[in-house]
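Me: I am new to this structure and would like to go through it by question and answer. Please show it before we begin.

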Amino acid sequence: MLLGTGASLASLAIGANAQAPVPPTPSPAAPDPNSPPPTADQIRRMQWWHVAKFGMFIHFGVYSQYGRHEWAMETQAIPMQDYLQLAKEFNPKPHSARAWAKLAKAAGMKYMVMTTKHHEGFCNWDSKLTDYCAAKQGPGRDLVREYVDAARAEGLRVGFYYSLMDWHHPDGALCAHDEEARKRFVEYTHGLIRELLTNYGKIDVLWYDVSWPLDAKGWESERMSKMVFELQPDIIVNNRNKLPGDFSTPEQKIVAEAGGRAWESCMTLNDSWGYQRADDNWKTSRTIIRNLITCVRDGGNYLLNIGPRGDGSIPEESVRVLTEVGQWMDTNGETIYKSDLCQPRRANYASFTRTGNTLYMHVHFWPGEDVAISGLTAKVKSAYFLKSKQPVKFTQDNFRVHITGLPTHAPDSPITTIALECDSEPKQNTDYVRINKPRTV
């Protein structure tokens, strides 16, 4: 579905003095001959996901009770008996997930992915395979069930994160060099995944993480995958169990895949996935929106994380930022959900998305009374503020579209969007400007 157009510009001429065109810079999403196109079944299963664009990641477990980062058990080498005590103290308020789902919906997110088991090995559901689970420890109930019910109540798609790495199970590291331990641990792992995909109805996403210390053969990932699709024929699966899966998962960075392969950038709101009480390095709503724009411009999704406290409450700064994002999405959501691959990208104070022949200029650093786009090759028919629908003045020549008469201060916060309706697909060629723009008056 996301095959890059790879099309050359039909014409760079706008006006009588147009110069001969130069080849455009290739799109980062141009087809890669080494990457197979998506199959018909992948296209079918992933259709909703490509439309959704924006999802909420939730890291929640015993580490949330400790409040020192989700890797604390390992990075601080916490003795097992001490960590087991934390599992007894971990007792989130009932139905905390309702607030998570309401916030996700208000922020414009369309799906959620929650950690059912993180690296610490604690299972957030009522497992029959281990006592190290939410129903038999502090919570005394099935937290995954509460999450699933909350997401569905808000009309959101449901995803399960599952860490293959396990710091609690005695075979979690031993399996790397002990074949009997490997067999035991693989059967345990497959059994847990079977529980998750059997007990909660239709699940939309399975999000594996950290395959250490085994490879695909060691995990018996092909057999695992066969089981997953027998249980959930419509599910989509990521690429972290050492199989290609349906989509790639760049982490804490935005990197578009080539060849039409689906991808999703996952990022934190501060510098931690799980709750870390001292981490105050929060991203602003403007940064979050710019990241979202960058993902959808190149055909990707944005999975943005919250880390609830041990009692299930959401840090106030997370609520504030996501509420601001949601207010922007109320007006600008159409530029995200309906976006097509967008080749224009060069500006010092703006980002771009596109729907058909309409280019959306998202001005994140408002420069003052005018803005300009260099090298736009399509003819602009009209321009207006997206929020107010108020027309804006513009001129266009061979080298730029110049929008003038703007207010000194940005009319919208945190990002102002200007829509430019063009006579064809809007593309940008700044090389043409660099080569052909007159150097003397």
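Me: In what order do the 8 strands of the open sheet stand?

Reply: The model is a predicted one. Its open sheet has parallel pairing. β5 and β6 (247-248) each have a single partner strand and stand at the edges, so one side of each lacks a neighbour in the sheet. Read across, the order is β5-β4-β3-β2-β1-β8-β7-β6.

Me: Which residue of β2 is the bridge partner of Met56?

Reply: Strands β1 (residues 54-58) and β2 (residues 111-117) run parallel and are joined by 4 bridges. The bridge partner of Met56 in β2 is Met112.

Me: Which helix gives the most residues to the largest nonpolar core?

Reply: In general, nonpolar side chains of soluble globular proteins tend to be buried together. Here the largest nonpolar core has 81 residues, and Met56, Trp100, Met112, Phe160 and Leu206 have the most contacts inside it. With 7 residues, the helix that gives the most to this core is α8.

Me: Which exposed residues does α10 carry on the face turned away from its buried side?

Reply: In α10 (residues 221-231), the buried residues are Ser221, Met224, Met227 and Val228. Seen down the helix axis, they fall within an arc of 120 degrees, so they line one face of α10. Their cover includes α8 (179-198), β4 (205-209), α9 (216-219) and β5 (236-237). The face turned away from this buried side carries the exposed residues Glu222, Lys226 and Glu230.

Methods:
Residues are numbered from 1 along each chain as its sequence is written. This is a predicted model: local features need pLDDT of at least 70, side-chain atom pairs count only at pLDDT 80 or more; totals for chains, interfaces and linings use all residues. Side-chain values use heavy atoms; hydrogens and water are left out. Buried means under 20% relative accessible area, exposed over 50%, partly exposed in between (1.4 Å probe, protein chains only). Helices (H or I, at least four residues) and strands (E, at least two) are DSSP runs, numbered from the N terminus. The arc is that of the directions from the helix axis to the C-beta atoms. Contact means heavy atoms within 4.5 Å. Two strands pair if DSSP finds at least two bridges between them. A nonpolar core is a set of buried Ala, Val, Leu, Ile, Met, Phe, Trp, Tyr and Cys residues joined through side-chain atoms within 4.5 Å.
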